[in-house]
Amino acid sequence: MTDTLSQRWAPTGIPSAVIDADVHVNVPGINVLLPYLSDYWREICTKAAFRGPSDTSYPAGMPTSARPGTQPAGGGPPGSDLALLQAQVLDAWNVEYAIVNCSYAVESVRQHYQAQAVASAVNDWLIDAWLEQDSRLRASIVVPSQQPQFAAREIDRVGDHPGFVQVYLPVRSWLPYGNPICRPIFEAAARHDLVVGLHFGGVTPNPPTSAGWPSYYLEEYANMATSFASNLMSIIVEGVLDEFPTLRITLIESGFSWIPAYLWRFDKEWKGLRREVPWTRYSPSEYLRRHVRLTTQPNDAPPGPDGLRRLIDQLGSDDLFLFSTDYPHYHFDAPDEALPTGLSEASARKVLAENARSWYRLGSSAPRAENGG
Amino acid sequence: MARYVVARVDEIPVGGRKIVAVAGESVGVFNVGGEYVAFRNRCPHQGGPLCEGALWGFVASDGPGDARLVREGEVLKCPWHAWEYDLRTGQSWYQTARPRARRYPVQVEPGRSLVANPDDALLDLGYAKGPFVAEIYPVSLDDVYVVVEIP
Amino acid sequence: MVLTSTPQTRPAEPESQPTKLEIVDCDIHNYLPSPRVLTKYLPERWRAHHETIGPRSPGARFAPQAYPGAMRLDAWPTSGLPAGSDRDFLIAQLLDRYDMSYGILNPLFTGALTQTIEEYGAAYCAAVNDWQIAEWLEYDNRFRGTIQIPLEYPEGSVREIERLGRHPGFVQIGLTSRTAEPLGRRKYWPIYEAAARYDLALGMHFGTWGRNPGSGCGHPAYYIEMHTGQGESFQEIVTSLVCEGVFEAFPTLRFALIEGGFGWLAPLIWRLDRAYRLLKCEVPHLKRLPSEYIREHFWFTTQPVEEPPRPRDFDQLLADLLMDDRIMFATDYPHWDFDSPEEAIPATLPLDLRRKIYSENAKEVYRLGDGE
């Protein structure tokens, strides 16, 4: 790609090592999945014109869904063109590894077996069209999360592929993920030593809030944090992290300024109410430090240059944050705004790459001499 | 230190208690399996009437869905915010980031036997010590009387 | 088990406040001695129904709840009446014990507020309000009441607000979280219109039973999720009230957030301002930043008080909020998560701020004292 294009997307001072823990790949259309479906499903998709799930988590008309300039010239939605991803993220940021999340709303597909077939097709397409095309890419496995047994089967099917480092779970779910019904997902993830990524979004029959359906996308967008809070609480109190002590969870696109006060409240109440969940060995904040990581976009830190540093201080660790651009979602204008500020050099290095490197068991830290895949 | 007779032995059967006003303090005297222990009637958390709390058991669990009682009746649970205190030692049992509060010494009269290292047993069950330790007072028996020492 | 309790001797307090501050308790729950007490306040149409069929709340409830009835164990009166229903016991254990100048009652009965039979709900709420007047407000002049309304039946709610809106004993209209729709939705606007007309505050209280799953992720299983998750419910409703433009439509509205905690409020303000800047094309009816609406229209009670492990983090919470004039002390008596007036608020806060928290902010928003 031309220098002009990559300069528009590059920060002014490119850090020596960057791992991007959240970039998005979007399925351009059902037709790219057809080769990976069985005859039966291929026929249904074409003759009954199944156009894929309707993902309302990133409506096309909303500014946050895509930055200007991410639309591929040749057609297809933002995030569907590898060359553009390489130019605008991987090369521009000198990214060593990027973790691809595909928010294809498989959980919205009501027919269980169709959801399973579509999820498998997405994963096979991710392997062929992305992982095998650029060795900097890693990816999250897409699963029919509404059917935990099927999800476990899919994790077992592709979980050992070296390109997959994580299982993608939309944070808005049919049931809170701590429910024993969902346990097979975590069991399979642990079996393959995969991270479980709870991700912004999710299209389910449940209303997005405990008070029903809000009117505006603005509300849904802001309320996603409460779904993260609820689902994390479920995972903790139901003992998922006790049953699988090696399990790693990443909260992706969750924001994080809500977390300290949430943990203070959760710790306080757990002390009096722990008897109801006696298998919880640690306080909630201890579980977070041991088992959970957070991506840095969207950055909802307190205003001012010290916002992130203050959160790190309140949470007690700089291990927790994983740099992300969340490409192509629109959270920052100038690329420099995505860089962590107010941190020591050592902490900044951890946030920019080293935390993700150890969390996702990625390769060595040899600095890259030049751009390119 | 002054010593106060707070009850006759037969007033407080095993599992029972008596709350008395002594030397300007409210004190709860408990009979824990034949041992007497005296607590200041004030929870270190927010000052609730600790000695009016119900007695529960400790809970052992090997994993989600598994729960069984051990040392039944030996958890004094504050009637307000449900903080749990070991009735034998006054130690609260939770883990937090807060530093430990100042600990009062527990004196056990010779001839009495407590469970060996009850703290270790709880740690083995997965409990961790909380930040609070309830104030307990030395208790001894004088003939048929229960005697508490108040500083 | 022998339990001999002497009349409570106050143990020596390790630290006592150097200055005695006036206290207004902004959240007290009074209860019926028995459901039949209400019968005489009901119209004939509903008397037999109330005594035989009763409120019949559909939907599964969370049980157990930490302690019987979710009450602190020492709040069960020696008279044998249910906790919160014995006036003399409550007055002695709370108003007198802590020398309070006012106590705001919030008798939240799920069967009244979320009653599926609309007219029964309206009648039930009216009966509770008349009971509040006759047996509480007129019994001790320190009590003030909350107008109970059948909030999912706005027509009946407006009728009740119009009936009692001028009664000097009521300081607010009662709402809860976990409603059938987010409270900013137009369904509820007639309630806000009536509140504005009568210049009454609205008090939204912790709610347990709504018509939706308890979270945006489906049905939680444990009481701790329902209880601790209250902060999440409050955030969702504040978001709704702001984004739907309730405060553009009703610019004089005063909204009290009761028993939701407040640690989540500053992060919500940052989050909403940020989201609004990105997505304001969707909400042109909003003329100001969410933070401006929130700081202008909301008050909140302290209970359950935030307990960060480091005291400076508590100070930081308040510094982030910039709402020192909006914080109101509450005990939530007689529930188990009761906050003690003597212990819950850090004694290290400046005296001026503690005065605001303990009484001045409440007196202003509820028009208590000289302003009545």
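This passage describes a contact between two chains, a helix that takes part in it, and a small sheet in a predicted model.

We may start with the meeting of chains A and C. Here, 57 residues of chain C are in contact with 54 residues of chain A. On the chain C side, the elements that contribute two or more residues are helices H7 (223-228), H8 (230-243), H10 (265-279) and H12 (311-321) of chain C. By residue class, this side of chain C comprises 25 nonpolar, 18 polar and 14 charged residues.

Among these helices, H8(C) invites a second look. Of its 14 residues, 14 are buried, so that H8(C) is mostly covered. Its length can be checked as well: the end C-alpha atoms of H8(C) lie 20 Å apart, in agreement with the 20 Å that its 14 residues should span at 1.5 Å a residue. Just after H8(C) comes C:Gly245, which adopts a positive phi of about 85 degrees.

Chain B offers a view of strand pairing. In general, the strands of a sheet pair through backbone hydrogen bonds, in either a parallel or an antiparallel manner. In chain B, four strands build an open sheet in the order E2-E3-E4-E8, and their pairing is antiparallel. Strand E2 (17-22) and strand E8 (136-137) of chain B form the edges, each pairing on one side only. Between E2(B) and the antiparallel strand E3 (residues 25-32) of chain B there are six bridges. At the level of single residues, B:Arg17 has B:Phe30 in E3(B) as its bridge partner.

Note on methods
Residues numbered from 1 in each chain as written. Chains lettered and ligands numbered in written order. Predicted model: local features only at pLDDT ≥ 70, side-chain atom pairs only at ≥ 80, totals over all residues. Contact = placed C-beta atoms within 7 Å. Nonpolar A, V, L, I, M, F, W, Y, C, P; charged D, E, K, R; others polar. Expected span 1.5 Å × (residues − 1). Buried ≥ 20, exposed ≤ 12 C-beta atoms within 10 Å, placed from the backbone. Pairing = 2+ DSSP bridges.
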